[in-house]
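Trainee: Please give me a close look at one part of this model. Set the scene with the whole chain before you go in.

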Amino acid sequence: MASIVVSGRRRICGEARVTGAKNAALPILAATLIARGPVELENCPRLKDVENMLCILSSLGAQCEYCGDTLKIDTRSATGSVMPQSISKELRSSIFMLGPLLTRFGSAVCTFPGGCEIGHRPIDLHLKGLMMLGAEIREERGLIICRADRLKGAEIHLDYPSVGATENIMMAAACADGMTRIFNAAREPEIEDLALFLNELGYLVEGAGSSTLSVYGGEARREKTTHRIIPDRIVAGTLMAAAAITGGEIRLNDVCPAHVGSIAAKLKEAGCKIEQQGMSMRLSAPDRLNEIRLIETMPYPGFPTDMQAQMFALCAVAKGTSVIVENVFENRFRHAAELGRMGASFTQKDRTAIIRGVERLTGTKVTAWDLRGGAAMVLAGLAADGETTIEHAELIDRGYEKLHETLNGLGAEIRLEE
Ligand code: UD1
């Protein structure tokens with residue numbers, strides 16, 4: 001268990017580069033299982049979740065090697081289709097392997113996946129989608145056992161635009177016989193990145209970014225593929241929020257401004273000035289932020305649930321009263337009580353939090369219950385009086401590549417304690 005200690009009252013100022021997107025990299029890593037030859041993934045973030053996916057791929061017989069921020073993967077040597085239980089339990093994204101394994105080996109076995117504790121996270125839409133493609137799925141002693149001689153294209157109507165289910169179905173459908181249409185598909189930029197990767201492998205996916213996806217089943221034709229992972233919109237949003245909460249100024253490079261539009265809109269509402277130029281964004285914050293009348297999390301292009309906790313921290317020290325409604329995950333307010341320990345004033349019931357901004361938070365000992373909640377505590381700690389010690393800070397490494405080092409390079413004083 002790791003802790004980090006954040007010294008308060010620091011202004012975040014300077015220039016930083018945004019790393020590759022975790023949520024794009026994870027499904028793409030699973031999709032390497034259906035590549036015909038070696039794959040090079042550029043701008044691949046070095047994160048705990050990525051490491052765990054690589055452990056699963058290696059245990060299945062794939063060769064994986066980092067070269068700077070390029071990850072070289074060759075899955076031609078993969079033979080297994082039973083995922084190691086201990087890692088799959090830890091990592092929700094292990095579920096992404098089901099579709100590719102099933103389509104490649106005709107069978108796949110995994111445990112119910114774990115991940116951050118942000119509410120009940122069922123996988124029914126993943127399994128229903130795979131069954132629509134012809135998979136037989138049964139559960140036995142906590143294991144999900146899937147079989148299919150050959151998957152067949154189908155029309156799939158998702159009850160909810162689940163990001164993971166859309167991705168899993170896309171990968172399975174890519175190698176199925178015939179065409180698959182996914183209606184009410186997720187529209188996140190990470191879906192577009194996966195579609196691009198599948199197309200680079202030689203499959204054919206159309207409509208990514210819209211709510212209807214067409215996947216024309218076929219074979220991977222390319223012998224060798226190089227793909228560059230898109231910038232992480234949540235890392236970009238978190239760094240902008242760090243500058244915003246500390247009255248700072250930041251220039252972000254390697255960011256895709258279109259992907260952070262909903263986040264930038266709320267930061268502007270709070271009084272920040274934001275300019276964009278190509279793949280760079282510059283934010284300058286006022287001494288004290290204004291309240292944000294309403295943040296409602298939604299599927300893309302709505303406000304991302306993965307930025308909700310960080311915005312909660314901002315609202316905690318803004319001038320007036322802000323309202324946050326969490327529509328995506330039902331139990332994603334565990335950071336609220338921790339921020340309360342630092343002096344945040346709020347009322348929360350079910351999916352709604354009303355936050356009355358206070359002038360100052362005070363550093364104390366808090367716990368990171370999930371990845372983004374941990375990041376929110378770091379932001380709060382930067383703005384607070386005194387020192388904030390965040391326990392279970394290892395959770396932050398699941399989604400941020402050395403966040404403390406990046407922030408220290410921008411004027412923060414954060415140290416690790418084992
Ligand atoms: C992905 C992201 C995560 C982000 C989330 C929402 C990755 C690796 N993770 O997670 O960071 O917070 O999108 O933007 O990309 N649901 C079901 N049944 C299912 C699947 C999902 O009911 O089979 C529900 C979930 O409980 C949740 C909602 O759908 O309430 C959204 O989940 P989903 O879009 O699937 O999120 P993930 O893919 O798990």
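**From the surface to the inside**

Mentor: Start outside. The protein has an accessible surface of about 16,300 Å² (Shrake-Rupley, 1.4 Å probe). Carbon and sulfur atoms hold 46% of that surface. Keep in mind that this is a predicted model, where local features need pLDDT of at least 70, side-chain atom pairs need 80 or more, and totals use all residues. Numbering runs from 1 along each chain, and side-chain values use heavy atoms, without hydrogens or water.

Now the overall build. The secondary structure comes to 13 helices and 23 strands (DSSP runs of at least four and at least two residues). The radius of gyration, taken over C-alpha atoms, is 21 Å, close to the 22 Å that the globule rule (2.2 Å times the number of residues to the power 0.38) gives for 418 residues, so the protein is as compact as a globular protein of that length. Along the principal axes, the C-alpha atoms fill a box of roughly 65 × 45 × 40 Å.

Next, the inside. Of the 418 residues, 58% are buried (under 20% relative accessible area). Look at contacts too (heavy atoms within 4.5 Å). Take those between residues at least 6 apart in sequence: 73% of them join residues at least 24 apart.

Here is your close look: helix α5. Find residues 124-132 in the sequence; they form this helix. Which of its residues are buried? They are L125, H126, L127, G129 and L130. What covers them? Two helices belong to the cover, α4 (98-105) and α6 (163-174). Three strands belong to it as well: β7 (136-140), β8 (143-147) and β9 (155-157). Trace these elements in the 3D view, with α5 in the middle of your search. Then step past the end of α5. G134 follows the helix, and its phi is positive, near 110°.

For a companion view, pick out a single residue in another helix. A24 sits in α1, which spans residues 22-31. Is A24 buried or exposed? A24 is buried, and its relative accessible area is 0%. Who touches A24? Set aside its neighbours within four places in sequence; A24 is then in contact with E190, D193, I229 and I230. Now check I191. Along the chain, A24 and I191 are 167 residues apart. In space, their C-alpha atoms are separated by 7.4 Å.

Technical notes:
Buried < 20%, exposed > 50% of the residue type's maximum accessible area, 1.4 Å probe, protein only.
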